[in-house]
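Reader: I would like a close look at one part of this model, namely its nonpolar interior. Please set it in the context of the whole chain and end with the surface.

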Amino acid sequence: MSSGFRSFHPFPCFFFYMGALILGIVVTHPVYILTLLFLHIGLVALNGEMPALRGMLRFFLPVSLLYAMINPLFSHRGRHILFYFWDQPVTLESLVYGLIATVNLLVILVLFISFNAVITPARFLYLFGSVFPKLGLLIVMSMRFVPLLKRRLGEIASVQQTKGIDVGQGSLRKRVTDGMKLLQILLTLCLEEALETADAMKAKGYGSGPRGRYEEFVMRPRDWTLLAALLGLFAACIGFRLLGYGAYRIFPALETVTLHGWELLSYGCFALFAAVPVIIEGREMWLWRYWRSRM
């Protein structure tokens, strides 16, 4: 049974993630970005998706650190020169720009991990299946494609190990050959399943008439309240951003990282918007532990 943020109607949940994605792109202040990152990591932990986050970080961190180090070698903008590399200046501003861009990308990736946990395929099709049936189905299948291929490849590799096909043992040539065999089997299996799925959908008359829904969701008063609160906070964040708050100047020289005056109010609206699902999930967990202790 869904609980916490996942128990709300799909529309306010979807609006939150789209709003967080937009704010994560348009806001460049380091304090705002780090707040959004830590709150979303907390949300991922509350959703029980930390294994997925750790798996993503194993690949993301090396690549992101490499980008942050390479960026100053190609971009020489900035006044504060750290050192010279091949007679080219390496500036502090270019290094900070690479780090901020890396954190921005990390925010988006963490956001989508939580999105996949809250907006299930059934909830996503409920939102877009009637309006854009083909596009909605395509997006859901794309979201499911990578984890499905990964799981199928693991199953195929486990079976093929009994026949001596193992990409983890042997010479480089043998491992490459075994890897190509596994990919060939995976591709054949995927094509066969795609044909079976297409035939089944055609037999059931998919697209021949109005599409029904697997689940029906009704907007209750608490859903309307959540949507109104998110709309108000998001509008305030966008308004403050249009007034220039939430921005950080990197070039030609780093701006001092401060929050003062109206920017404190801007940051408060931003942090509250990002913290809404964390507050809901935290309250749900506290209530669960409270009533469990009373039993």
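Author: What follows goes from the chain as a whole to the interior, then to the loops beside it, the salt bridges and the surface.

The model is predicted. Its mean pLDDT is 83, and 90% of the residues score at least 70. Confidence is highest in helix α8 (residues 221-242), at a mean of 94, and lowest in helix α6 (residues 133-160), at 74. Where pLDDT is low, the predicted coordinates should not be read in detail.

The protein chain has nine helices and two strands. In sequence order the pattern is α-α-α-β-β-α-α-α-α-α-α, with the two strands following the third helix. Of the 295 residues, 35% are buried. Among contacts between residues at least 6 apart in sequence, 73% join residues at least 24 apart.

The largest nonpolar core has 50 residues, and those touching the most other members are Phe 5, Phe 16, Tyr 17, Ile 119 and Phe 273. Two or more residues come from each of α1, α2, α3, α4 (92-118), α5 (121-128), α8 and α9 (262-294). The element giving the most to this core is α4, with nine residues. Tyr 17 shows how such a member is surrounded: beyond its neighbours within four places in sequence, Tyr 17 is in contact with Phe 5, Leu 43, Leu 111, Ser 114, Phe 115, Val 118 and Ile 119. Two of these contacts, Phe 5 and Ile 119, are themselves listed with Tyr 17 among the core members that touch the most others. Another core lies apart from this one; it has five residues, among them Ala 157, Ile 165, Leu 182 and Leu 186.

Two loop residues are also buried. Asn 47 lies in the loop between α2 and α3. Its relative accessible area is 5%, so Asn 47 counts as buried. Residues up to four places away in sequence aside, Asn 47 touches Arg 6, Ser 114, Ala 117, Val 118 and Glu 281. Ser 114 is 67 residues from Asn 47 along the chain, yet their C-alpha atoms are separated by 7.2 Å. Ser 114 and Val 118 are also contacts of Tyr 17, and both touch Asn 47. The other loop residue, His 29, sits between α1 (10-26) and α2 (30-46). His 29 is buried because its relative accessibility is 2%. Its contacts, leaving aside neighbours within four places in sequence, are Gly 246, Ala 247, Tyr 248, Val 257, Thr 258, Leu 259 and Glu 263.

Charged pairs come next. The whole structure holds two salt bridges. In one, Lys 174 pairs with Asp 178, and the closest N and O atoms are 2.7 Å apart. The two residues are four apart in helix α7 (residues 172-203), so about one helical turn separates them. Asp 178 is buried, at 5% relative accessibility, whereas Lys 174 is partly exposed, at 32%. Lys 174 is also touched by Gln 169, which touches Arg 175 as well, not counting residues up to four places away in sequence. Gln 169 is found in the loop between α6 and α7. With a relative accessible area of 53%, Gln 169 is exposed.

In the other salt bridge, Arg 220 pairs with Asp 223, with 3.5 Å between the closest N and O atoms. Asp 223 has a relative accessible area of 0% and is therefore buried. Arg 220 is partly exposed, at 39%. In both pairs, then, the acidic residue is buried and the basic one is partly exposed.

The surface completes the picture. The accessible surface of the chain is about 18,400 Å², and 68% of this belongs to carbon and sulfur atoms. In soluble globular proteins, nonpolar side chains tend to be buried together. Here, some nonpolar residues form a surface patch of about 1,200 Å², made by Leu 61, Leu 65, Leu 66, Met 69, Ile 70, Leu 73, Phe 74, Leu 82, Phe 83, Phe 85 and Trp 86. Both α3 (50-74) and β1 (81-85) supply at least two residues of the patch. Helix α3 gives the most, with seven residues. One of the patch residues, Leu 66, is placed in helix α3. Its relative accessible area is 45%, so Leu 66 counts as partly exposed. Helix α3 thus appears on both sides of the account: it gives two or more residues to the largest core, and it gives the most to the surface patch.

Key. Residues are numbered from 1 along each chain as its sequence is written. This is a predicted model: local features need pLDDT of at least 70, side-chain atom pairs count only at pLDDT 80 or more; totals for chains, interfaces and linings use all residues. Side-chain values use heavy atoms; hydrogens and water are left out. Buried means under 20% relative accessible area, exposed over 50%, partly exposed in between (1.4 Å probe, protein chains only). Contact means heavy atoms within 4.5 Å. Accessible areas come from the Shrake-Rupley method with a 1.4 Å probe; for residues, only the protein chains shown count as cover. Patches are made of residues with over 30% relative accessible area and no salt bridge: like charges are joined within 9 Å, nonpolar side chains (Val, Leu, Ile, Met, Phe, Trp, Tyr) within 5 Å. A salt bridge is a side-chain nitrogen of Lys or Arg within 4 Å of a carboxyl oxygen of Asp or Glu. pLDDT is the predictor's confidence in each residue, from 0 to 100. A nonpolar core is a set of buried Ala, Val, Leu, Ile, Met, Phe, Trp, Tyr and Cys residues joined through side-chain atoms within 4.5 Å.
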